[in-house]
Amino acid sequence: MSGLLLSRRNCLKALLALPLLNAPAALAAASAHRIVAINWLAAEALLSLGILPLAVSDGGYFRRRIATPVLPATVHDIGPYWEPNIEMIAALRPTLILSDMLAPAIQDSLRRIAPVQVVPVYPPAGPLWPTLLAFYRSLGRQLGVTAKAEQLINHANHAIAQYKQQLKQAVGQRVLVVVRSQDGKFVTVYGANSLPDALLTQLGLRNAWTLPVGAMGTANVGVERLFSLQADWLFYTELPTTLTRVSRLRQPDGLWQQLPLVAAGRARELSHFFPFGGLATAVSLAQHIAAAPGEGNRHA
């Protein structure tokens, strides 16, 4: 009987092979780099470069936060970034792992599988925008798609320049970008050295949040801190969880609705937004910001 039984590891390998065996030839060719992207910025960049990662961390949640580029269903989910499934990663036999800065024990386990590169963008060592562009160029050179990386950068710069032109009547306006907490009482605000801040500069706008932030360019504050803030527009997103939806239903007339920008119809929800994303995320945010002045005032 024991000879007929597969080990847990062999069974896992067999299951992982199934979607790859059924994938189109083009999909298999795109996977030739055999990269596991624990870091979501890396996953977004790879997809934009036409390279399909073998796996990403928390793939289902990735799709809810990052709509484009699309993450195909054939890409494996290796669990949360802070505790990736080491056994599954080993079974995938990657040649490169693009990671966040993880606990030393996890990093050591990953290095025994394949070379590990920590994505050096958040927090940035210098100004964020050039750091982000340098990451795309470096990744493009490393993977042999230099021309594609330059094409992506040129496309992003061109698109953002067009949105800046669209916003020429709003030059210098103050914009606030936040993520709402699940209970609606707190927000994470994006200030200096964050992707929203860098993008607002590219668009000729100003970040309404000029107070101190942490290394990741964020500050966690109570919603009441926003009442006295001088701002022209508010863009917000929230974590797409059941608890968030339940909390909203329980306080339809809460503090959030009393914010001057919300009451004046100058708040816009970002249905898909990952604040530590890449060029596709930046262009998408620029599109939403550029569209707001032409929509007229409406309640969020």
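The following exercises, with worked solutions, concern a predicted model.

**Exercise 1.** Determine which way each residue of strand β4 points, and whether these residues are buried or exposed.

*Solution.* Step 1: strand β4 covers residues 96-99. Step 2: Leu96 and Leu98 point one way from the strand, whereas Ile97 and Ser99 point the other way. Step 3: buried means under 20% relative accessible area. All of the residues just named are buried.

**Exercise 2.** Establish how β4 pairs with strands β1 and β5, and how the chain passes from β4 to β5.

*Solution.* Step 1: β1 (residues 35-37) runs parallel to β4, and three bridges join them. Here Ile35 stands opposite Leu96. Step 2: β4 also pairs with β5 (residues 116-118) in the parallel sense, over three bridges. In this pairing, Ile97 stands opposite Val116. Step 3: from β4 the chain crosses through helix α6 (residues 104-111) to β5, a β-α-β crossover that is right-handed.

**Exercise 3.** Describe the largest pocket by its volume, its lining residues and the elements that contribute to the lining.

*Solution.* Step 1: the volume of the largest pocket is about 730 Å³. Step 2: the pocket is lined by 32 residues, of which Tyr81, Asp100, Met216, Phe274 and Phe276 are the closest to its centre. Step 3: two or more lining residues come from each of α3 (40-48), α4 (59-65), β6 (174-180), β7 (186-190) and β9 (218-222). The element that gives the most is β7, with three residues. Step 4: by class, the lining comprises 21 nonpolar, seven polar and four charged residues.

Definitions and conventions. Residues numbered from 1 in each chain as written. Predicted model: local features only at pLDDT ≥ 70, side-chain atom pairs only at ≥ 80, totals over all residues. Heavy atoms only, no water. 1 Å grid on protein atoms, 1.4 Å probe; cavity = no way out; pocket = protein on both sides within 12 Å on 5 of 7 lines; lining within 4 Å. Points joined across faces, edges and corners; volume = space filled by probe spheres on them. Helix = DSSP H or I, 4+ residues; strand = E, 2+ residues; numbered from the N terminus. Nonpolar A, V, L, I, M, F, W, Y, C, P; charged D, E, K, R; others polar. Buried < 20%, exposed > 50% of the residue type's maximum accessible area, 1.4 Å probe, protein only. Pairing = 2+ DSSP bridges. Right-handed = clockwise from strand over helix to strand, strands pointing away.
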